[in-house]
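Visitor: I am new to this structure. Please show it to me, and let me ask how each label is earned.

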Amino acid sequence: MRLLSGTPTVVAAGVDVFSAALRAQGADVHDVDWRPPGFGEPADLAALALDRRRAAANRTAVERVMAAGSHLVDVRPARDVLGLPDRTLLHAGPPIGWADASGPLRGALIGACLFEGWASTVEEAERLLAAGEIALDPCHHHRTVGPMAGVTSPSMWMYCLEDPVTGGQAFCNLNEGLGKVLRMGAYDDEVLTRLAWMRDVLGPVLQAAVRSMAEPLDVKAVLAQMLQMGDEGHNRNRAGSLMTLRELSPAIVEVDAPSSDVAAVLRFIGGNEHFFLNLGMPTAKLAMDAARDVPGSTMVTVMSRNGTEFGIRTAGTGDRWFTGPANTPVGLFLGDYGPDDANPDIGDSAIMETYGVGGFTMAAAPAIVRFVGGTVPDALATTERMYQLTLAENPAMQVPILGFRGSPTGIDVLAVARTGWLPQINTGMAGRVAGTGQVGAGLVQPPRECFEQALAALAAETRAAA
């Protein structure tokens with residue numbers, strides 16, 4: 001009881017935003033320089049730290065990321081864009097088979113089989129998938145990203161984005177909205193009806209609108225402006241979705257389609273707060289792909305999860321995956337759902353954090369804590385901490401509350417190993433049981449194993465190049 005009767009004396013460890021806030025309230029604060037222990041074999045850490053190529057290689061990789069642009073140039077079916085054959089489905093995260101697929105991924109794969117007409121019942125879809133009659137491949141193997149389960153089938157329409165600097169391309173399917181949706185593993189009649197409408201109405205209308213625009217939509221510019229307006233670009237996309245609606249609406253209303261279809265498209269976009277996410281993700285993918293295959297670089301180019309495993313790639317090791325068991329997010333739940341209902345982490349949307357936004361720019365969107373949990377000081381502290389794990393600050397992606405400081409960009413495997421800190425990701429939570437849909441949203445980190453493996457591989461590559 002005496003603890004609360006006098007002025008507290010506080011010992012603070014970690015980011016100084018906490019101690020600064022306490023001092024502002026007149027508390028006696030003593031700062032302690034402490035951080036979690038690092039990891040990795042000392043010989044591997046030394047090999048990377050002493051690699052003469054590393055500084056120049058990382059500078060090259062980061063410069064490529066920050067120079068990349070993103071224009072929306074077309075909307076087309078996956079069959080045409082990717083040459084995706086029948087009986088082939090793409091999914092989020094590193095490679096995985098049906099036997100190891102989690103509930104939400106299984107649900108999305110079943111729903112895609114029903115949507116494509118490859119199966120007429122859930123049982124038939126499960127039989128086809130279990131027998132290996134449906135080919136599965138990661139989205140990232142096709143310059144593509146997909147949120148949550150990320151399942152993309154030949155008939156689904158794709159955003160086609162292009163980097164005006166390098167000519168690189170990246171793709172993503174269209175966002176279904178929140179709740180009971182395919183990407184969360186739901187596959188009932190409501191989900192399939194919506195997917196059919198997106199195939200028959202939304203896709204063609206967006207295609208006609210995008211192709212008619214005098215100038216392509218500059219998606220990177222929209223993403224940069226979002227951070228000035230309270231979005232962080234992963235779990236909060238309200239401003240970005242509204243700006244996209246503003247840019248596309250004049251072209252949409254001029255599309256030669258029934259007025260009821262045009263009105264339905266505008267209502268759908270206007271009512272979908274996450275409409276922009278599926279444009280932001282390929283924008284980040286374009287930037288990170290620009291930094292692939294830079295020998296000597298320790299920068300992470302991909303973070304992704306399939307609901308069972310979390311996988312990363314680095315600029316210095318090309319397309320090789322480093323994986324570990326996916327963690328389960330911690331956060332806020334919808335309705336009566338609770339922690340036991342949540343599936344482990346899933347989705348390609350961690351490409352946003354890989355780029356340096358999302359969980360890395362929580363300070364730009366303090367309202368995000370009402371969706372994913374935590375407090376406003378947590379959001380500020382998270383962004384401050386991510387600067388310790390990254391190679392540079394992106395001047396195009398500014399955080400207003402931090403004096404318009406550029407977002408922390410270029411996750412450094414060596415910095416992660418030295419500090420023991422792991423990247424912070426904001427994410428939705430899918431139900432553990434196939435068919436459930438979304439159960440909440442929260443915060444999660446990659447498993448340390450991914451970075452331990454990447455560290456060892458980079459060190460081996462360093463020794464081989466010596």
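Guide: What follows is a short round of questions on burial, strand pairing, contacts and empty spaces. Keep in mind that this is a predicted model.

Visitor: Let us start with Thr298. Where is Thr298 placed?

Guide: Thr298 sits in the loop between helix H11 (277–289) and strand E10.

Visitor: Why does Thr298 count as buried?

Guide: Buried means under 20% relative accessible area. Thr298 has 1% relative accessibility, so Thr298 counts as buried.

Visitor: What makes the link between the side chains of Thr298 and Asp412 a polar contact?

Guide: A polar contact needs suitable N or O atoms within 3.5 Å. The side chains of Thr298 and Asp412 make such a contact at 2.6 Å.

Visitor: And Ala460: why is Ala460 called partly exposed?

Guide: Partly exposed lies between the buried limit of 20% and the exposed limit of 50%. Ala460 has a relative accessible area of 41%, so Ala460 is partly exposed. Its place is in helix H16 (residues 448–465).

Visitor: How far is Ala460 from Asp44 in space, and how far along the chain?

Guide: Their C-alpha atoms are separated by 7.9 Å. Along the chain, Ala460 and Asp44 are 416 residues apart.

Visitor: Now the strands. Why is strand E11 described as largely enclosed?

Guide: Strand E11 covers residues 309–314. Five of its six residues are buried, so E11 is largely enclosed by the rest of the structure.

Visitor: How do you know that E10 and E11 pair?

Guide: Pairing takes at least two bridges. Strand E10 (residues 300–306) and E11 have five, in the antiparallel sense. One of the partnerships joins Arg305 to Phe310 in E11.

Visitor: What lies between those two strands in the hairpin?

Guide: Two residues lie between E10 and E11. In this hairpin, Gly307 takes a positive phi near 95°.

Visitor: What makes E11 and E12 a pair?

Guide: Again, at least two bridges are needed. E11 and strand E12 (residues 322–325) have four, also antiparallel. In E12, Phe322 is the bridge partner of Ile312.

Visitor: On to empty space. How many cavities of 30 Å³ or more does a search of the whole structure find?

Guide: The search finds two. The largest cavity holds about 170 Å³ of space. The second largest has a volume of about 110 Å³.

Visitor: What lines the largest cavity?

Guide: It is lined by 17 residues. Met156, Asn173, Leu174, Leu195 and Met198 lie nearest its centre. Helix H7 (residues 189–212) gives the largest share of this lining, three residues. By class, the lining has nine nonpolar, five polar and three charged residues.

Visitor: And what lines the second largest cavity?

Guide: Its lining has 14 residues, with Met148, Asn235, His274, Leu277 and Gly428 nearest the centre. Six are nonpolar, seven polar and one charged. At least three come from each of domain 2 (54–65 + 292–465) and domain 3 (69–281).

Visitor: Why is the next space called a pocket and not a cavity?

Guide: A pocket is an open set of points, while the probe cannot get out of a cavity. About 160 Å³ of space lies in the second largest pocket.

Visitor: Which residues line the second largest pocket?

Guide: Among them are Leu178, Asn235, Arg236, His274 and Phe371. By class, this lining has four nonpolar, three polar and four charged residues. Domain 2 and domain 3 each supply at least three residues.

Note on methods
Residues are numbered from 1 along each chain as its sequence is written. This is a predicted model: local features need pLDDT of at least 70, side-chain atom pairs count only at pLDDT 80 or more; totals for chains, interfaces and linings use all residues. Side-chain values use heavy atoms; hydrogens and water are left out. On a 1 Å grid over the protein atoms alone, a cavity is a set of points where a 1.4 Å probe fits but cannot get out, and a pocket is an open set with protein on both sides within 12 Å along at least five of seven lines; lining residues have an atom within 4 Å of a point. Grid points are joined across faces, edges and corners, and a volume is the space filled by probe spheres set on the points. Ala, Val, Leu, Ile, Met, Phe, Trp, Tyr, Cys and Pro count as nonpolar, Asp, Glu, Lys and Arg as charged, and the others, Gly among them, as polar. Domain bounds come from an automatic or database domain assignment. Buried means under 20% relative accessible area, exposed over 50%, partly exposed in between (1.4 Å probe, protein chains only). A polar contact is a pair of N or O atoms within 3.5 Å; within protein, one must be able to donate a hydrogen and the other to accept it, and residues adjacent in sequence count only if both atoms are side-chain atoms.
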